[in-house]
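Me: Could you take a close look at one part of this structure for me, the open sheet and what sits around it? I'd like a walk-through in plain bench language.

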4 protein chains.
Amino acid sequence: MTVNVGVIGVGMIGKDHIRRLTTVLAGAAVTAVTDVNLDEAKRVAGSVPGGATAHGTGQELIDDRAVDAVVVCSWGPTHEEYVLAAIAASKPVFCEKPLATTQAACRRIIDAEVAFGRRLVQVGYMRRYDAAYRALKAVIDSGDIGTPTMLHSTHRNPSVPGHYTREMAITDTAVHDIDVSRWLLGDEIIGVRVFKPRKNSLGGELEDPLFILLEMAGGALVDIETNVNIRYGYDIRGEVVGETGTASLGAGGPVTLRRNNLVADEVPADWRERFIGAYDVEFQEWIDAVRDGGTFGPSSWDGYAAAVVSDAAVEALHSGERVAVDLGDQPDLYA
Amino acid sequence: MTVNVGVIGVGMIGKDHIRRLTTVLAGAAVTAVTDVNLDEAKRVAGSVPGGATAHGTGQELIDDRAVDAVVVCSWGPTHEEYVLAAIAASKPVFCEKPLATTQAACRRIIDAEVAFGRRLVQVGYMRRYDAAYRALKAVIDSGDIGTPTMLHSTHRNPSVPGHYTREMAITDTAVHDIDVSRWLLGDEIIGVRVFKPRKNSLGGELEDPLFILLEMAGGALVDIETNVNIRYGYDIRGEVVGETGTASLGAGGPVTLRRNNLVADEVPADWRERFIGAYDVEFQEWIDAVRDGGTFGPSSWDGYAAAVVSDAAVEALHSGERVAVDLGDQPDLYA
Amino acid sequence: MTVNVGVIGVGMIGKDHIRRLTTVLAGAAVTAVTDVNLDEAKRVAGSVPGGATAHGTGQELIDDRAVDAVVVCSWGPTHEEYVLAAIAASKPVFCEKPLATTQAACRRIIDAEVAFGRRLVQVGYMRRYDAAYRALKAVIDSGDIGTPTMLHSTHRNPSVPGHYTREMAITDTAVHDIDVSRWLLGDEIIGVRVFKPRKNSLGGELEDPLFILLEMAGGALVDIETNVNIRYGYDIRGEVVGETGTASLGAGGPVTLRRNNLVADEVPADWRERFIGAYDVEFQEWIDAVRDGGTFGPSSWDGYAAAVVSDAAVEALHSGERVAVDLGDQPDLYA
Amino acid sequence: MTVNVGVIGVGMIGKDHIRRLTTVLAGAAVTAVTDVNLDEAKRVAGSVPGGATAHGTGQELIDDRAVDAVVVCSWGPTHEEYVLAAIAASKPVFCEKPLATTQAACRRIIDAEVAFGRRLVQVGYMRRYDAAYRALKAVIDSGDIGTPTMLHSTHRNPSVPGHYTREMAITDTAVHDIDVSRWLLGDEIIGVRVFKPRKNSLGGELEDPLFILLEMAGGALVDIETNVNIRYGYDIRGEVVGETGTASLGAGGPVTLRRNNLVADEVPADWRERFIGAYDVEFQEWIDAVRDGGTFGPSSWDGYAAAVVSDAAVEALHSGERVAVDLGDQPDLYA
Ligand SMILES: [Mg+2]
Ligand SMILES: [Mg+2]
Ligand SMILES: [Mg+2]
Ligand SMILES: [Mg+2]
């Protein structure tokens, strides 16, 4: 029932995925780890809930019978080797982007997976899992705005580290916009141009911002703004322009639609749609508190207060008058 | 490490919590269930991942040594009995609202818990776990808008079932607003009034909408609009008015601030803040696909396409010219 | 063709109305003024475009045959006398609020006007002329949100002068909300309550904010928040709650509608709707520049540049290539 | 004091400008008109408030001593002749766009105006007078978002007439975006490219939308989307991207700022800023009603009602109780 995962690479991202697999999500355990730094792998293995084996190499980890599926978070140039090994072992493998660092390496992975005859590889393009992007794709697929003719994609960072290069604005930054362009429009890219607007002086010598145009096979035109020293925040925006309207990413929320003389956001249909996420948080925190002896949420006192006030409000409804509320003293337990 | 949960009541809400505990959240298992309808309890027990015991009574379930913690989702009038039994058994208990159906019953629970000397009871006021409400509380507690003087709370439903009464507008609907008033303002209610605006004809004879005023001990005034036949959607809004500004619930997202001559929403500080939820979804869906043999997300082909387009874009950056992109034929595996 | 206006009271508001009548609007001239401070009246008369007579009393001004219509901007307690005199002289009179300072005085004006048999009096409730309020009223009257059941009205000021009293929160501040309640809902008020939320410490001893409830004859309930020390800005908001949706004042712009599962703003239907105001500003500034020898707007150089760039763009459209643009040197005249 | 204007061309635009000059704005009169259709010119002349002379030719109109300034609204190919004639007559001339239909003609006008030594010509680029564009320019000039690096400009129309060509998307549509690019950025254009996204099928054979890139001399990059069959409305948007933030056109209102981790709209500083436009409308409608015997706005009854309700509210403030309001019968005059 539980999926046993082996994690290759326990740097910042690897550790975060281990945390996620063991303390956030249902149905998974981390049973093995490895890292180029074996001591670090051993230390992490010791801290994994339930314990995990620290392997000396990725191949050993992949061969471990206690590993059902592999997560690759190591340095990019090692991705090809581990992904190919996982395919050879017939094990599902989640590979952080990039899949590999060269086109030829990507092709070798594709060939191996096609030869295997079933998909085993997933690449870490996580925007496809973002609620706003998914809502955007749903609007496109619904046909509500007609066939897309353009996509405006904006990718802004407050700042970047000193080793960031102009090529990284494409390979590390715009690569996300490139992936969502293909996914949102359901189409391949057939041409690309890059323009260099006036340089942002806050980026020093860096060629920043960039303005990238993608031509899709079906004719749609995509423009991508990358702006990685803009200070004011991390701002991801996207607007798909259709024949009869447009749809934009909301701010971490629902899509904004321009249609029928309105610019509109959706109102939820019911409480489930609005608050379903809150229920998940409520119960996860309760489970964690039960297990760790932590603090609980709304208390008996809260339940009591709600009862007293509700009764008073019903009385006020009936009488039309002000009704006083007196809860009495609160026990220290609930302070 | 795993918290074993017993669930009393396997109606719609009970089933949803079982689903949540077993397929969404980390660290929990459902090991026992019971219901006034024992056959239904048995059927649900059989479908729980890992299997669960179906008990004949709530007391038996609470006494089960395989139960670490109890969730009460049964009919309101039974809550007191089960919560008191859980306290007697020294087991944490999560009780769906209401805690109990009378003030006296709530008091008996408080007395038992105080006598026990440690909190065991949590009541299901889930708005406190909603991201927007939490962001709203964080603004209040930061002091950024000064001491609160008012809270405007709006609770709108498209429609309600035929058995809904005007008292339920208070005890089932506004009770959520009552709880968040106490929680957001960190204060108790000392008086209440209920006003009856013009009746909404879509609610037939129902006294709807209502307009409720709550006086807080510290002087703040709360108004609550309940409107349960307003058709256009489920719309929950809240604005806390402070001495120097106000803060409002965003639409399922961040807070809207009125301060310093601006009405403003926050921009995320970094990608983690913006996309952290997407990573959780990404991995949960991957685990589910690994376990169930379902469809994976972004493919090797997607990784390859990103590599090819990125390379082309880097070339375009260097040359200043259009660069053609040709991916070759896509293997059927990725269609 | 031109309406000759006499202005009683040349304080701040009177001067502003004279400016408006003579330099902003079409079809009016100011031919006479008066003030309790005769010297000031004379000074203002001398500066009016075209010149104006300074009268010693309001009655003289009203009797002046060169006065077609009267504007009353004097101190409130004098309003009744001047409005009654204007009615006696059969002249239209625009009276700044309040119409008079007592109910009995208002009644006397009504009696005189009714006896005259035709409307002559207009009171300065200017919110009825605000584009956003008008759009709000249009939505209500369209029936798009059903019969109104509530109106939430918010009136916030950053600060008030030291002589401001809690009664003025009603008579000077909320009186605007009272007027728009009657106007928007097309209904009279039959009951009123005033609540006192926690005092804003920034207002010192002032009883501020207030929360006012109005009962309309047709059953709708109006709540008005006045908050006159809230620092962050001047914020006027209003939401009419109907049976099937709500409509809110936009920020100086169009109405925000909540209807059919959307929260939406209207998109203009055409350029006329979007830019009609700009044409007015464009021509008024041109007229003023012609008359006063001031600076003109877009120049021949701008027209030339547009022609050159347009030609280049058409060439680029045809060729698919970049087309260079060279305007040559700009003459100093256009610097 | 009054500027006497002669209007050349009394088609739709000419008539609208005559209406504006005579019934909306202060300080102008229309004293002469002409048109290629002399009968129409005579008819219009007869309907101008105060009367106007109908001239047989533009030259006669320009030479008319009763004409202080000229407005050119005739067919584009005639613009050069009339503008040059106005310059020769030393009269200010407002010329609807385009200034002239060829670059050479524009140059001849510039040469004549430079030879005259003072500006006489203004071209009808009215976006520079739009409140939102002006607010946008003010933000740029304030330095609040740093030096601009990009401008995204969007120009959408619901539909266009059948004779509309792809060249007109540039010369009639994008020419506005071209002008505001130069004006907002205070810079000249040095290069231009035009891209053709997937064709919108609603435009039939028309090459629509277009995507235009402008290179500014200072390095900033401008992109313009024209989309003239998009059905959902007339939507003009613009975002200036600076080094530390961005500023966008609001929807007919104030600017939206992205700065310091906020996306924010400004709140007015005071009532004057919020309602100044309403005062203008209020008085213009009152003047028109006085002159034409039309209906007045807020009545004595409204002033009386405000007084009665205010008194009741003050009493309610003092007593803390509900106070009933009774206005008595409303005279028919105010029905
Ligand atoms: Mg990633
Ligand atoms: Mg609940
Ligand atoms: Mg006023
Ligand atoms: Mg124009």
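Reply: Sure. Before we get to the sheet, one definition: two strands count as paired if DSSP finds at least two bridges between them. Also keep in mind that this is a predicted model.

With that in hand, go to chain A, where an open sheet of 6 strands runs in the order S3-S2-S1-S4-S5-S6, with parallel pairing. Strands in a sheet pair through backbone hydrogen bonds, in either a parallel or an antiparallel way. At the edges of this one stand S3 (53-55) and S6 (121-123) of chain A; each has a single partner strand, so one side of each is left without a neighbour in the sheet. Going from one strand to the next, the twist averages 25 degrees.

Now zoom in on one pair. S4 (residues 69-72) and S5 (residues 93-95) of chain A run parallel and are joined by 3 bridges. If you want a spot to click on, try A:Val71, whose bridge partner in S5(A) is A:Phe94. Then look for helix H4 (residues 79-88) of chain A, which lies across S1 (3-8), S4, S5 and S6 of chain A. Relative to S5(A), helix H4 of chain A runs at about 165 degrees.

For antiparallel pairing, hop over to chain C. Strand S8 (residues 189-195) there is mostly covered, with 6 of its 7 residues buried. S8(C) is joined by 6 bridges to S9 (residues 210-216) of chain C, and the two run antiparallel. C:Gly191 is a handy marker here: its bridge partner in S9(C) is C:Glu215. S8(C) also pairs with a strand of chain D, namely S15 (residues 323-324), in the antiparallel sense over 2 bridges. In that pairing, C:Val192 has D:Val323 of S15(D) as its bridge partner.

Chains meet through helices too. H9 (residues 300-319) of chain A packs with H5 (residues 103-116) of chain B at an angle of about 165 degrees, the axes being 9 Å apart. Angles over 145 degrees count as roughly antiparallel, and H9(A) and H5(B) are therefore roughly antiparallel to each other. The crossing of H9(A) past H5(B) is left-handed. Residues making the contact include A:Trp301, A:Tyr304 and A:Asp311 on the H9(A) side, with B:Arg107, B:Ile110 and B:Glu113 among those from H5(B). Sorted by type, the residues of this contact come out as 7 nonpolar, 3 polar and 3 charged.

Methods
Residues numbered from 1 in each chain as written. Chains lettered and ligands numbered in written order. Predicted model: local features only at pLDDT ≥ 70, side-chain atom pairs only at ≥ 80, totals over all residues. Heavy atoms only, no water. Axes fitted to C-alpha atoms, helices over the stretch in contact; angles between N-to-C directions. Helix = DSSP H or I, 4+ residues; strand = E, 2+ residues; numbered from the N terminus. Parallel < 35°, antiparallel > 145°, perpendicular 65-115°, else oblique. Left-handed = near helix turned anticlockwise from the far one by under 90°. Contact = heavy atoms within 4.5 Å. Nonpolar A, V, L, I, M, F, W, Y, C, P; charged D, E, K, R; others polar. Buried < 20%, exposed > 50% of the residue type's maximum accessible area, 1.4 Å probe, protein only.
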